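This briefing is for a reader who is new to the structure shown below. It begins with the whole chain and then turns to single residues.

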Amino acid sequence: MFESQYNDEMEAEVKRLEAQIRAVNAGHPEWANACAVCGCELTGTDTNKCEQCR
């Protein structure tokens, strides 16, 4: 059980860091996430593309 929780937390942290990198690459280090295609701001870290770019 502990291992599963740890893995979930690490996966969430990796997604957060990848989202932050996309935001920095889009030129907005103050954002939490940015679209990997067009660079618009995204809410949350669940996705890497906006609705228009999917």
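**Overall picture**

Of the 54 residues in the protein chain, 19% are buried. The model is a predicted one. The protein chain has 1 helix and 0 strands, and the helix, H1, covers residues 2–25.

**The chain as a whole**

- The C-alpha trace of the protein chain spans about 40 × 25 × 15 Å along its principal axes.
- About 4,100 Å² of the protein chain is exposed, and carbon and sulfur atoms supply 52% of that area.
- The protein chain carries 5 positive and 10 negative charges, and the mean positions of the two sets are 7 Å apart.
- When contacts between residues at least 6 apart in sequence are considered, 10% of them join residues at least 24 apart.

**Cysteines**

- A search of the whole structure for disulfides finds 0.
- A disulfide requires two cysteine sulfur atoms within 2.5 Å. For Cys38, the closest cysteine sulfur is that of Cys40 at 3.6 Å, so the pair is too far apart for a bond.
- The sulfur of Cys53 has its closest cysteine sulfur in Cys50, also at a distance of 3.6 Å, and therefore no bond is counted there.
- Cys38 is partly exposed because its relative accessibility is 46%.
- Cys53 is partly exposed as well, with a relative accessibility of 24%.

**Leu42 and Asn33, after the helix**

- Leu42 lies in the segment after helix H1, and Asn33 is placed in the segment after H1 too.
- Leu42 has a relative accessible area of 10% and is therefore buried, since the cut-off for buried is under 20%.
- Asn33 is also buried, at 0% relative accessibility.
- Beyond its neighbours within four places in sequence, Leu42 is in contact with Asn33, Ala34, Cys35, Thr47, Asn48, Lys49 and Cys50.
- The C-alpha atoms of Leu42 and Trp31 are 8.2 Å apart in space, while the two residues are 11 residues apart in sequence.
- Leaving out residues up to four places away in sequence, Asn33 touches Ala19, Arg22, Ala23, Cys40, Glu41, Leu42, Gly44, Thr45 and Thr47.
- One of these residues, Arg22, is joined to Asn33 by a side-chain polar contact of 3.0 Å.

**Ala32 and the helix**

- Ala32 is another residue of the segment after H1.
- With a relative accessible area of 46%, Ala32 is partly exposed.
- Not counting residues up to four places away in sequence, Ala32 touches Ala19, Gln20, Ala23 and Thr45.
- Ala32 and Gln20 are 12 residues apart in sequence, and their C-alpha atoms are 5.4 Å apart in space.

**Arg16 in the helix**

- Arg16 belongs to helix H1.
- At 39% relative accessibility, Arg16 is partly exposed.
- The C-alpha atom of Arg16 is separated by 7.8 Å from that of Ala32, and these residues are 16 residues apart along the chain.
- The side chains of Arg16 and Glu13 are joined by a polar contact of 2.8 Å.

Methods
Residues are numbered from 1 along each chain as its sequence is written. This is a predicted model: local features need pLDDT of at least 70, side-chain atom pairs count only at pLDDT 80 or more; totals for chains, interfaces and linings use all residues. Side-chain values use heavy atoms; hydrogens and water are left out. Buried means under 20% relative accessible area, exposed over 50%, partly exposed in between (1.4 Å probe, protein chains only). Helices (H or I, at least four residues) and strands (E, at least two) are DSSP runs, numbered from the N terminus. Contact means heavy atoms within 4.5 Å. A polar contact is a pair of N or O atoms within 3.5 Å; within protein, one must be able to donate a hydrogen and the other to accept it, and residues adjacent in sequence count only if both atoms are side-chain atoms. Accessible areas come from the Shrake-Rupley method with a 1.4 Å probe; for residues, only the protein chains shown count as cover. Lys and Arg count as positive and Asp and Glu as negative; His and the chain ends are not counted. The place of a charge is taken as NZ of Lys, CZ of Arg, CG of Asp or CD of Glu.
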